[in-house]
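Subject: Structure handover

Hello,

Here is the structure you asked about. Please open it next to this message; my notes follow below.

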Amino acid sequence: MRSTQRLALAASWLVFALQGALAAEAPAPSPAPLSPEQVLSRRQLADLRPNPGGERVAFTVTEPPSGERARRHVWMLDVKTHAVRQFTNSAKSEWSPRWSPDGGALAFLSDRGERTELWRLPADGGEAVRVADLKSAVQGFAWSPDGKRIAVLAPEPKPEAEEKREKEKDDARVVDRDERPTCLWLVDAESGKARQLTTPPWSIDEIQWAPQGDRLYVSATDRPAVDQWTERLYAVDAATGKLDPVATPKGPWDRLRVSPDGRSLAYLGSRVDGPLPHDLYLQPLAPPGPARNLTAAGLDRGIEDFAFRDDSHLLALAGIGFGSRLYAVNLEGTPKAPRIEPQPEPPSPPRSFALLPGGALVFTAERTAEPAEIWFALPGRAPEKVTHLNESAAALPVIRPEILRYPSFDGREIEGSLLKPASWAEGRRLPLVVLVHGGPTGRWCDCFESWGQLLAARGFLVFYPNPRGSTGYGQAFIESNRADWGGGDFKDVMAGVDLLVKRGLADPGRLGVGGWSYGGYMSAWAITQTPRFKAAVVGAGLADLASEFGTEDGSAYDEWFYGLPYEHPERFQKSSPITHVKNAHTPALILQGENDVTDPVGQSQQLYHALKRYGVPAELVLYPREGHGLREEKHLLDRLNRIVAWYEKYLK
């Protein structure tokens, strides 16, 4: 009996040993690479709004896209306990939470009805009620200082005759004449009764109440049909609606903020005349005087957000290369140069912030491998992460970027970042995809980017350059590609490619390029300038700068760079990919939203037909109902799958 047991035991150990040996010889199954569904799983946190007492903070959470589009909801953070809860729960979306001055109610915008409307909830929760029915989509609002009125931005409702014609398909319209500019309304917070303060042709963009509640400061123009930067700063009498001019800032400007005492207001403005708001300005109101540029001399980095701490101190968030940082701006410094002091750097770069009574700071922060969460900091103490809304996304296998700095063709230093696949080994050259950001007044930052992460997970090197024209490096750097798209900026990109080839990282025979908007333009430009790229993805790009100018919304931006095509056609022609398209040989995947009015669909169609005419492999994919950025879940997934498949087909 015992001999039999020993024999059976020995046999069983032999079986286990053989199984172990076989398991050791067989390679472990590779984990599935990051999927498109996974890269869309991050929640976006934004619009931090503390209540007047500072006990709670309302904010918005954009959920991952599910079904038709991603939905936004208002959430609530308890400052003392750090507990968070979802505050609104409709089947649609809610955004722009704003507290009443007494903290007893929270108003917000929602599309839960037929159109975007203004709703209100008690601060302790309950049933939301619609504040007013203006018969048109609400675009913005602001509580009056006494909480009895709400200033609302909305166009005039359509006349009944026009609605009747639309229903009967007799809906021809005269461009400009039949457009309805945004008007300013005053709504009684209790009864919902609305009174119209401004009428066409005036179009109102931003609104801020004076602390006394007798007037509002607005960004407005009486020439909305002219595609130029004609907005000026006005004071609107809350009783009569009379507009009194205050100032005429140069170029584009936005983000009005009135000081607590009402004696000045601040805004983000353009240093000369464009191309985007870059510096923080202070406009005196009592007494009036010229605006002061607070940051050009002492900081010279693009200001992304700011807030008044008190009447003489502001806190500003600036984009610095691939990161961002908060700065204290002390207006008690010399008139020409206020004191600007960098604040302690938190563990992750801040992306938005708000100030609480008593000096506490609440902010969102994120990095490429650390999804957005909310942080809280008391004066003099280290910040503490107080939400964990992205824990599942934080567990995904994400590649951290490596920052590179290199000289371009003229010696100017350019910054970029590189994703190396986890499988990369020293001495092994890999296929490289260069991704160019939108803009050109944009930048890559230390944030999650889905195209690159999917490609890095599949064995590609991914390079993110910030060429001249990018933000985060000062006004002169932004201006350095004026009337020179495809010139120095393209050479900056190629200098980075050459660096990676020289270092033995990138395979020179397997180079790809891609991007969206200006990044799509640069991809189209690249394949008409060099045969080095073997695959390209052109997303919502530009092919013909002159025809783009005549068909887009927002041509004032392009005018800053190139002037008018009717006066300087040669400038537009030399920088247009279509001018040089006969030189293209690179297979190109062209992606475009059919309803895009920023870079209209004709740009992609023009490039596609030209490439096909010259026998270049090309595919054009159009996404119905989509604008400049895709929003529907199936379209987002389709785009990512196509991008990965295109590069794998031509670079592996």
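Start at R400. This residue is exposed, with a relative accessibility of 55%. R400 makes a salt bridge to E370, and their closest N and O atoms are 3.8 Å apart. The two come from distant parts of the chain, 30 residues apart. R400 sits in the loop between α4 (391–394) and β29 (402–407), while E370 belongs to strand β27 (residues 370–377). E370 is partly exposed, at 28% relative accessibility.

Before you go further: this is a predicted model. Mean pLDDT for the protein is 92, and 94% of the residues reach 70 or more. Residues 1–26 are another matter. Their pLDDT stays under 50, and the model gives them zero contacts beyond four places in sequence. Where pLDDT is low, predicted coordinates should not be read in detail.

**Other salt bridges**

How many salt bridges are there? The count comes to 31. Side chains of opposite charge can pair when their charged atoms come close.

Look at D279 and R271. Their side chains meet in a salt bridge, 2.8 Å from N to O. Is D279 buried or exposed? D279 has a relative accessible area of 0%, so it counts as buried. R271 is at 27% and counts as partly exposed.

Next, E632 and R625. Here too the side chains form a salt bridge, with N to O at 2.8 Å. E632 is buried, at 8% relative accessibility. R625 is partly exposed, at 48%.

Some bridges share partners. In this way E114, R115, E117, R130, D133 and K135 join into one network.

**Aromatic rings**

The structure holds 20 aromatic pairs. One of them is W444 with Y464, an edge-to-face pair. Their centres are 4.9 Å apart, and the planes meet at 70°. The cut-off for edge-to-face is over 60 degrees, so the angle of this pair puts it in that class.

Where do these two rings come from? W444 lies in the loop between β31 (430–436) and α5 (450–456), and Y464 lies in strand β32 (residues 461–466). That pair links distant parts of the chain, 20 residues apart. W444 counts as buried, at 17% relative accessibility. Y464 is buried as well, with a relative accessible area of 5%.

There is also a ring cluster. Ring pairs link W485, Y518, Y521, W525, F549, Y557, W560, F561, Y562, Y566 and F572.

W560 has a charged neighbour too. R482 lies over the face of W560, at 3.8 Å from the ring centre. A second case is K420, which lies over the face of W424 at 4.3 Å from the ring centre.

**A hairpin to look at**

Strand β15 (residues 232–237) pairs with strand β16 (residues 243–247). The pairing is antiparallel and runs over four bridges. Which residue of β16 is the bridge partner of V236? That partner is L243. Five residues lie between the strands of this hairpin. G241 takes a positive phi there, near 85°.

**Where to look**

For a quick tour, begin with the R400 and E370 salt bridge. Then go to W444 and Y464 for the edge-to-face pair. Finish at W560, where the ring cluster and the charge of R482 over the ring face come together. Leave residues 1–26 out of any close reading, as their pLDDT stays under 50.

Best wishes

Notes:
Residues numbered from 1 in each chain as written. Predicted model: local features only at pLDDT ≥ 70, side-chain atom pairs only at ≥ 80, totals over all residues. Heavy atoms only, no water. Phe/Tyr/Trp six-rings, centres within 6.5 Å; stacked < 30°, edge-to-face > 60°. Buried < 20%, exposed > 50% of the residue type's maximum accessible area, 1.4 Å probe, protein only. Lys NZ or Arg CZ within 6 Å of the ring centre and 35° of its normal. pLDDT = per-residue confidence, 0-100. Contact = heavy atoms within 4.5 Å. Pairing = 2+ DSSP bridges. Salt bridge = Lys/Arg side-chain N within 4 Å of Asp/Glu carboxyl O.
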